[in-house]
Amino acid sequence: MAALLILQGSCRKASCSSSRDETRQRVKFTEDRVCKSHLLNCCPHDILSGTRMDLGECAKTHDFALRADYDIASKERDMFFELDAVDHLESFIADCDRRTELAKKRLVETQDEISAEVAEKAEKVHELNEDIGKLLANAEQLGADGNVEEAQKVLQEVEKVRNKKRDAEDEYRNSMPASSFQQQKLRVCEVCSAYLGLHDNDRRLADHFGGKLHLGFIQIREKLQQLKKTVLEKQEKRNQDRLKRREEREKEEKMLMMKKRTRSPSQEKKRSRSGERRKQHSHSPSREQQRSHSRDHGERERERERRRRHRSRSASKGNRHSRERSRDQKRHSKHSSSRDRSGDRDKKKSSSSLRLA
């Protein structure tokens, strides 16, 4: 049931803790503050939690709901978060290896020096101890899973390795003084940098090699190698896709060149005619230009009509004024002629009256 709630993603979490989501900003798994190693289930802070090398809380955000969101989104497209996880794990493993080398130097300074032959025999005893511890841890895990037959086979292998260890211890004991042999010879585990004793019993070895600390470091190292392999495969796939797209483009360009070279004369004529038509069409005015030209032409025509009407009105007014002036002149001429005639008649009368007198 708990796994089902986690797989439902951050939406489930938001519905369960709506009051907290109202007070804090919603976090997305793509943000830099989210631990990409946690999304890939390989963060050392999670794996080594509760061990002697507990690293405490991670500086970045850990959220199982965000991991569920990432699992859903990664099925649709690659996020390439493996690069971030590789950088994180490489830095952690490098720091662990530095601690291992420092522990080895301290052992060399504190323990009595032994010859190369004795050191080689002691190293052989350590290797057999490591094999016994790994086999016992594997047998316990198989028994817990219910594989009793497989666990019995592994225990038989343990007995064989124990016999080899007894022989190696005898050789090591005979190669050095008894006082020096009783001294505990330590060795640094190459996986988790823990100290191992040459005379550790099987229970101590099984607890170490089957413990959470040692298995956690094995998980981190194996996950790092797996992520490196995944990154290389994705980079190779991306390079192949790029090369394939480039080849397809080049192939298309070659096909176009071949079509141009193999085009018939009729097609060339059609192409030239279509080109000429396009040129004519490009030189011919557009619809908008034609509309604007027609509008300008209409305005010019209306302006001419208004001017013509104005001239005609002014001409009619001038004719009317000229007719009125001509009538006035005629009237004036009639009056003047009548006055002249009356003056003549008066002169004639006066002359006739003088004659009679």
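**Getting to know a helical model**

This predicted model has 14 helices and 2 strands.

Biologist: What share of the 357 residues counts as buried?
Modeller: Buried here means under 20% relative accessible area. Going by that cut-off, the buried share of the protein's 357 residues is 26%.

Biologist: And how much surface does the protein expose?
Modeller: Carbon and sulfur atoms supply 49% of the exposed surface. The whole of that surface comes to about 26,400 Å².

Biologist: What part of the contacts with a separation of 6 or more comes from residues 24 or more positions apart?
Modeller: Take the contacts in the protein whose partners have a separation of 6 or more. Residues 24 or more positions apart account for a share of 70%.

Biologist: Let's talk charges. How many salt bridges does the structure hold?
Modeller: Side chains of opposite charge can pair when their charged atoms come close. Asp 95 and Arg 99 meet that way, at 2.6 Å from N to O. The count of salt bridges for the structure is 16.

Biologist: Which residue does Lys 228 form a salt bridge with?
Modeller: The closest N and O atoms of this pair are 3.3 Å apart. The bridge links distant parts of the chain, 138 residues apart, with Lys 228 in helix H12 and its partner in helix H7 (residues 82-110). That partner is partly exposed because its relative accessibility is 33%. The residue is Glu 90.

Biologist: Why are Asp 95 and Arg 99 separated by about one helical turn?
Modeller: Both residues sit in helix H7. Asp 95 is partly exposed at 31% relative accessible area, and Arg 99 is partly exposed at 29%. They are about one helical turn apart because their spacing in the helix is 4 residues.

Biologist: Which helix holds both Glu 305 and Arg 309?
Modeller: Their side chains meet in a salt bridge, 3.3 Å from N to O. The two lie 4 residues apart, about one turn of the helix, which spans residues 287-356. That is helix H14.

Biologist: Which residue joins Asp 78 and Glu 82 in one network?
Modeller: The network is made by salt bridges that share partners. Alongside Asp 78 and Glu 82, the remaining name is Lys 234.

Biologist: Is Arg 249 buried, partly exposed or exposed?
Modeller: Arg 249 is placed in helix H12 (residues 212-261), and belongs to a positive surface patch with Arg 238, Arg 242, Arg 245 and Arg 246. Its relative accessibility is 48%, so Arg 249 counts as partly exposed.

Note on methods. Residues numbered from 1 in each chain as written. Predicted model: local features only at pLDDT ≥ 70, side-chain atom pairs only at ≥ 80, totals over all residues. Heavy atoms only, no water. Patch = residues over 30% accessible without salt bridge, like charges linked within 9 Å, V, L, I, M, F, W, Y side chains within 5 Å. Areas by Shrake-Rupley, 256 points an atom, 1.4 Å probe, with all protein chains shown as cover. Salt bridge = Lys/Arg side-chain N within 4 Å of Asp/Glu carboxyl O. Lys, Arg positive; Asp, Glu negative; His and termini not counted. Charge placed at Lys NZ, Arg CZ, Asp CG, Glu CD. Buried < 20%, exposed > 50% of the residue type's maximum accessible area, 1.4 Å probe, protein only. Contact = heavy atoms within 4.5 Å.
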